[in-house]
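Visitor: Please take me in for a close look at one part of this structure. I would like to see the place where the ligand sits. Which residues surround the ligand, and which are the closest?

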Amino acid sequence: MALYTTITDAITEYTGLSPTAFFTILAMMVVVYKIVSTMFVAADDYVAVKRDQQFILREPVQIGSITEQELRPYDGSDPNKPLLMAIKGKIYDVSRSRMFYGPGGAYSLFAGRDASRALALMSFEPSDLTGDISGLSASELEVLEDWEAKFEEKYVKVGELVSEKPSTTEGETKED
Ligand code: HEM
């Protein structure tokens with residue numbers, strides 16, 4: 001109790017305010033601080049904002065005819081390369097949806113790939129990450145067509161896939 005009296009006396013002496021007025025003003029200042037601080041980006045978020053700004057969204061550039069192997073590096077890991085993804089051999093620039101297809105994105109596994117089979121089957125199986133759509137049912141092909149229509153509408157087509165060179169059959173591996 002002595003401590004309480006000492007504190008309240010000190011408050012009155014130094015501020016000229018009653019302890020009640022002092023704590024009311026203090027509480028109001030905390031509330032104002034909280035409100036004002038929500039209007040700014042928090043220090044931790046600032047780092048994330050700066051990191052995102054590295055990825056300046058560039059105009060899609062035509063890439064022409066490339067192989068599936070050559071498409072791989074366009075998976076978002078290199079900030080200087082566009083993010084590309086293919087459906088039925090058509091390559092789209094999906095850089096504007098980095099949050100989906102970029103590293104850490106829910107659909108990053110599709111980036112740098114022809115994901116036709118996975119999309120037709122609505123599958124995330126690594127073995128379905130291929131442009132091979134053989135053996136699919138009519139309804140699965142219809143699902144794929146819906147995806148194709150969505151991509152045609154939303155993204156710029158920047159090239160097409162050509163088959164691997166006959167001499168480099170090891171390029172067919174799908175392990176990574
Ligand atoms: C629980 C299941 C799923 C949920 C809740 C879900 C939810 C979503 C949501 C909310 C979006 C964002 C839509 C937008 O803002 O435009 C999205 C986009 C997308 N989803 Fe899914 N999804 C699911 C399963 C799947 C599966 C199985 C696949 C394919 C294998 C898939 C492929 C995609 C793709 C490719 C996009 C991006 C489309 C674009 O580029 O605009 N999703 N999903």
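Guide: In this predicted model, the ligand is surrounded by 13 residues. The closest are Tyr-101, Tyr-107, Lys-150, Lys-154 and Tyr-155. Now sort the shell by type. Of its residues, 10 are nonpolar, one is polar and two are charged. Tyrosine is counted here as nonpolar. Even so, a tyrosine side chain can offer a polar atom, as the next contacts show.

Take the tyrosines one at a time. Start with Tyr-101. One of its polar side-chain atoms lies 2.4 Å from an oxygen atom of the ligand. Go on to Tyr-155. Here an N or O atom of the side chain is 2.4 Å from an oxygen atom of the ligand. Then comes Tyr-107. An N or O atom in its side chain is 2.7 Å from a nitrogen atom of the ligand. Each of these pairs counts as a polar contact, because the cut-off for two N or O atoms is 3.5 Å.

Which elements give two or more residues to the shell? They are α5 (98-101), α6 (116-121) and α7 (138-154). The largest share comes from α7, with three residues.

Stay with Tyr-107 a little longer. The ligand carries an iron atom, and Tyr-107 is its only protein donor. The donor atom is OH, at 1.9 Å from the iron. Where does Tyr-107 sit along the chain? Look in the loop between α5 and α6.

What kind of space does the ligand take up? That space is a pocket, the second largest one.

Follow the chain a little further, to the loop between α6 and α7. Glu-125 lies in that loop. Is Glu-125 buried, exposed or partly exposed? It counts as partly exposed, because its relative accessibility is 48% and that class runs between 20% and 50%. Now compare positions. Glu-125 and Leu-109 are 16 residues apart along the chain, and their C-alpha atoms are separated by 9.6 Å.

Last, step back to the whole chain. It has seven helices and four strands. From the N terminus on, the order is α-α-α-β-α-β-β-α-α-α-β. The chain holds 176 residues, and 28% of them are buried.

Technical notes: Residues are numbered from 1 along each chain as its sequence is written. This is a predicted model: local features need pLDDT of at least 70, side-chain atom pairs count only at pLDDT 80 or more; totals for chains, interfaces and linings use all residues. Side-chain values use heavy atoms; hydrogens and water are left out. A residue is near a molecule or strand if one of its heavy atoms lies within 4 Å of it. A polar contact is a pair of N or O atoms within 3.5 Å; within protein, one must be able to donate a hydrogen and the other to accept it, and residues adjacent in sequence count only if both atoms are side-chain atoms. On a 1 Å grid over the protein atoms alone, a cavity is a set of points where a 1.4 Å probe fits but cannot get out, and a pocket is an open set with protein on both sides within 12 Å along at least five of seven lines; lining residues have an atom within 4 Å of a point. A molecule sits in a cavity or pocket if more than half of its atoms lie within 2 Å of its grid points. Donors are N, O and S atoms within 2.8 Å of the metal (3.2 Å for Na, K and Ca); water is not among the atoms, so sites may look incomplete. Buried means under 20% relative accessible area, exposed over 50%, partly exposed in between (1.4 Å probe, protein chains only).
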